[in-house]
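Work through the exercises below with the structure in view. Try each task before you read its solution.

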Amino acid sequence: MVNVAVLGYGTVGSGTAEILWNSKEELSRRIGDEINLKYVLDLRDFPGDKVEEVLVHDYEVIANDPEVDIVVEVMGGIEPANTFARKALSSGKSFITSNKALVAEYGSDLMKLARENNVSFLFEASVGGGIPIIRPLNTALTAEDIEEVSGILNGTTNYMMTKMFFDGVDYDEVLKDAQAKGYAEANPSADVDGIDACRKIAILSSIVSGKFVNYKEIYTEGISKLTTKDFEYAKKLGRRIKLLANAIKKGDELTAMVAPYLVSEKHLLFNVTDVFNAVMVRGCYVGDVMFYGQGAGKLPTASAVVGDIVDAARSLGRTLPGGWGEGKQELCDHKELVQSYLVRLEGGAERLEEVKAAFGEVEVVEAGVCGEIGFVTAEMSENEYEEKAAKLSGILGMIRIGE
């Protein structure tokens, strides 16, 4: 029998328990041994819920039970998750988490601890929710030298930008709408400032490079400065604005960043709308492949968690390969990336000569926006862009242009 303990009975925790109960027979068949949900840890009581049969309020009950093989953390936050993970791994229990903050901050330490104790530390649900991406990178795509990972990794911001693009809703209004629907928190900073996407691309970057990437060193922009005018220019250009989390690898060099990008209909992520997430992976042999689906939600995320449980249960007594090794990956300056830019400038056609003096030939974008002029630059590094932009007064905004 393989005994499992789940830490947290919120949205994902209850979904995980539901799948373990409802699919017990099929999961046991796939594992080759009976799977048993022995404990659920939560500070709350749940009168009348099936969970009462296995509910405990003290983590030490789980930590000190030698029959527990796998501990699953779906509480969120750094602590006490980090402490619980270390106790579990040190006592020979595999540890599974959906906690991106924990993995981004302490993933390297926890992987090392898992290897030392011949157990596994798995975190499929930490990046794409229900979208499988970590396992494919560690298994199906291991023959590839991954050249790029580009993702829409936050459903809240993707929903907001979809409404701004198609419905012309301004930022403040669409944020209130997202909060009312439960997509955005009362304090939406983690989503709208790009922090959530930053942690996720740090995890993927670490896997791609094989070394730890510190999310605090990744250049990150959010969407709070976007206006409905930006989306008018996007429509005129036949493009859409997406908050992209990118990791670009050339040899041993890696560049990672999070920022809004204008993408064309040729881009695999062009049609990813609403709360959906997607990740595009570019391999040296396979070319471009995309993983698409629900990046959050009770059962989609729980499905990824249970997938990790099955993998860990099949491999008791040894450490599953994956994640990244020791050492730290230094990041290249994102300002060295070469691309073109959509620039919005105060004024009108009378400023075109001034624009050309600064940037050379540009493509003027007639989006029907009063009181300003929009133009697309030639391709150049961001360092070059900043040098040229410094020659112009009244720049209202800039958005990078992708494929």
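**Exercise 1. Decide whether Ser-264 is buried or exposed, and find its surroundings.**

Step 1. Take the cut-offs: buried is under 20% relative accessible area, exposed is over 50%, and partly exposed is in between, with a 1.4 Å probe and protein chains only.
Step 2. Ser-264 has 13% relative accessibility, so it counts as buried.
Step 3. Locate it. Ser-264 sits in the loop between strand 10 (253–263) and strand 11 (276–283). Helices (H or I, at least four residues) and strands (E, at least two) are DSSP runs, numbered from the N terminus.
Step 4. List its contacts, meaning heavy atoms within 4.5 Å. Leaving out residues up to four places away in sequence, Ser-264 touches Arg-239, Phe-270 and Glu-403.
Step 5. Check a distance. Ser-264 and Leu-320 are 56 residues apart in sequence, and their C-alpha atoms are 39 Å apart in space.

A note on the source: this is a predicted model, where local features need pLDDT of at least 70 and side-chain atom pairs count only at pLDDT 80 or more, while totals for chains, interfaces and linings use all residues. Residues are numbered from 1 along each chain as its sequence is written, and side-chain values use heavy atoms, with hydrogens and water left out.

**Exercise 2. Classify Thr-142 and find how far it is from Val-208.**

Step 1. Thr-142 is in the loop between helix 7 (134–138) and strand 7 (146–152).
Step 2. Its relative accessibility is 54%, so Thr-142 counts as exposed.
Step 3. Val-208 is 66 residues away from Thr-142 along the chain, and the two C-alpha atoms are separated by 9.8 Å.

**Exercise 3. Place Asp-308 in its helix and name what it touches.**

Step 1. Asp-308 belongs to helix 13 (residues 298–314).
Step 2. Helix 13 has 17 residues and spans 24 Å from its first C-alpha to its last, close to the 24 Å expected at 1.5 Å a residue. The expected span is 1.5 Å times one less than the number of residues.
Step 3. Asp-308 has 4% relative accessibility and therefore counts as buried. Other buried residues of helix 13 include Val-305, Ile-309 and Ala-312.
Step 4. Not counting residues up to four places away in sequence, Asp-308 touches Ile-96, Leu-122, Phe-123, Glu-124, Ala-125 and Arg-135.

**Exercise 4. Find which backbone angles are given for Pro-80, Asn-118 and Asp-274.**

Step 1. The peptide bond from Glu-79 to Pro-80 is cis, with omega near 10 degrees. Pro-80 lies in the loop between strand 4 (68–73) and helix 4 (81–90).
Step 2. Asn-118 is not a glycine, yet its phi is positive, about 55 degrees. At 45% relative accessibility, Asn-118 counts as partly exposed.
Step 3. Asp-274 is not a glycine either, and has a positive phi of about 60 degrees. Asp-274 lies in the loop between strand 10 and strand 11.

**Exercise 5. Describe the protein chain as a whole.**

Step 1. Count the elements: 15 helices and 17 strands.
Step 2. The radius of gyration is 23 Å, close to the 22 Å that the globule rule gives for 403 residues, so the protein chain is as compact as a globular protein of that length. The radius is taken over C-alpha atoms, and the rule is 2.2 Å times the number of residues to the power 0.38.
Step 3. Of the 403 residues, 54% count as buried.
Step 4. Among contacts with a separation of 6 or more, 72% join residues 24 or more positions apart.
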